[in-house]
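Trainee: I would like a close look at a single part of this model. Please start with the whole chain and then work inwards.

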Amino acid sequence: MTDTAIPMTQGTGADAGTQQARAALGRLRAEVGKVVVGQDAVVTGMVIALLARGHVLLEGVPGVAKTLLIRTIAAALDLDSKRVQFTPDLMPGDVTGSLIFDARSAEFQFREGPVFTNLLLADEINRTPPKTQASLLEVMEERQVSVEGRARALPDPFLVAATQNPIEYEGTYPLPEAQLDRFLLKLTVPLPTRDEELGVLRAHHRGFDPRRLRDAGVQAVATAADLVVARAAVQRVAVADGVLAYIVDLCRTTRVSPSLELGASPRGATALLAAAKAWAWLTGRDYVTPDDVKALARPTLRHRVRLRPEAELEGVTSDAVLDSVLATVPTPR
C-alpha cells in the first residue's frame with residue numbers, strides 16, 4: 001500500500017456475508033471523501049488497522065484534517081470516537097480514567113477516561129512525558145485498564161490513531177523504538193493538491209462546518225458487525241510458505257542494512273503479515289501475494305527501523321532504505 005489512492009474491489013467466491021462486509025468497507029472511502037479530500041491511502045490504512053486489530057501513527061503537519069478524518073471514519077462506521085490533546089502536564093489518569101470519591105455513597109467510583117471509546121485520536125502524542133505515553137501504549141497492547149487490581153475491558157473495536165508533527169521537535173518527548181513498535185502502521189498524511197485545496201475552500205465558502213458531519217451528508221455505511229465478519233474472513237486468508245519466507249527475509253535484511261542501526265523486529269514481521277492479509281482481503285482475494293507484502297512494507301516497517309546518524313546527514317530516509325531492501329530481496333514466484 002503506497003501513500004496514494006488505492007482501489008477496493010469486491011472479490012468472488014466468498015459467502016454473502018463476507019461480500020457484504022467487503023462492499024460496506026469499500027463504500028467507506030466515498031463516504032469519508034464527502035468531507036475529507038485526498039486521503040484515500042490513509043483511510044485504507046485505517047481500515048487495514050481495524051481489520052488487523054492494530055493501531056496507527058499518523059504523521060503530518062498541522063491543518064491537514066487529521067481530527068476531521070478520524071471523526072468522519074467513526075461516523076461512517078457508526079463507531080464512537082474521542083480526542084485527547086497530549087500536553088506536558090497530562091497525567092496517566094487523564095487518559096485511562098481514575099477513582100473518584102463519591103461523598104454520597106462514601107465509596108470510590110471509577111470515572112472512565114477517554115480511552116473508553118472505539119476510535120481514539122491521541123493528538124501530538126510526543127508532547128506528553130514518557131509516563132503518560134506508556135499508560136496509553138499499555139492500553140493499546142492489553143486493551144484494558146487496570147485500577148486497584150480490577151481490569152476493565154475497552155470497547156471492541158478499539159483503535160488508537162496517534163499523531164506526530166514531523167517538523168517540530170522543541171518541547172517534545174519522542175517515542176522510543178520499543179513503543180513505536182506497538183503501532184501496526186505509520187501513515188503519512190500529505191498536504192492536498194492545489195485542486196483539492198481549492199475544493200476545501202469552496203466547501204467552507206458554502207458553509208461547511210466540520211463539527212456538523214451529518215449536515216455534510218456523512219452517513220453510516222458500515223458497522224462494527226461488518227468488522228467482525230471481515231476480521232474472521234481476514235483470518236482465513238491463505239499465505240504460502242514462500243510468502244512467509246519473503247516477509248522474514250525482508251525484515252532480516254533490514255537488520256544488516258549499512259544505513260540502519262536498528263532493523264525490524266520479529267514483531268515487525270508479524271505486523272507485515274497481518275497487514276498484508278487484510279489488504280489482500282480488501283482487494284478481493286483469499287490469498288496473499290508478494291505484491292501485497294511490497295504494498296504494505298513501507299507503512300508497516302518505516303517506524304520500526306532507525307537510521308544511522310551518518311545516513312541521516314546524507315539525507316537518506318527510512319522509506320528509501322526500505323525501497324532498497326525490496327529491490328534487493330528476491331521476490332518469490
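How much area does the chain expose, and what share of it do carbon and sulfur atoms supply? After that, please take me through helix α3 and what surrounds it.

Mentor: This is a predicted model, where local features need pLDDT of at least 70, side-chain atom pairs count only at pLDDT 80 or more, and totals for chains, interfaces and linings use all residues. Residues are numbered from 1 along each chain as its sequence is written, and side-chain values use heavy atoms, without hydrogens and water.

The chain exposes about 16,000 Å² (Shrake-Rupley, 1.4 Å probe). Carbon and sulfur atoms supply 52% of that area. Of the 333 residues, 49% count as buried (under 20% relative accessible area; exposed is over 50%, partly exposed in between; 1.4 Å probe, protein chains only). The fold has 13 helices and eleven strands (DSSP runs, numbered from the N terminus: H or I of at least four residues, E of at least two).

Now to α3. Nine of the eleven residues in this helix, residues 66-76, are buried, so the rest of the structure largely encloses it. They are Lys66, Leu68, Leu69, Ile70, Thr72, Ile73, Ala74, Ala75 and Ala76. Their cover includes the helices α1 (16-32) and α2 (40-51). It also includes the strands β1 (56-59), β2 (81-85), β5 (119-123) and β8 (159-164). Just after α3, Asp78 takes a positive phi of about 55 degrees.

Next, the loop between β1 and α3. Gly60 lies there. Its relative accessibility is 5%, so Gly60 counts as buried. Setting aside neighbours within four places in sequence, Gly60 is in contact (heavy atoms within 4.5 Å) with Lys66, Gln164, Asn165, Pro166 and Val189. Lys66 is also one of the buried residues of α3. From Gly60 to Asp319 is 259 residues in sequence but 16 Å in space, C-alpha to C-alpha.

Contacts across the whole chain give the wider setting. Among those between residues at least 6 apart in sequence, 79% join residues at least 24 apart.

Last, the cores. The largest nonpolar core (buried Ala, Val, Leu, Ile, Met, Phe, Trp, Tyr and Cys joined through side-chain atoms within 4.5 Å) has 76 residues. Leu25, Leu51, Trp281 and Val293 have the most contacts inside it. Helix α10, residues 266-282, gives the largest share of this core, ten residues. A second, separate core of 24 residues includes Leu57, Phe110, Leu137 and Met140.
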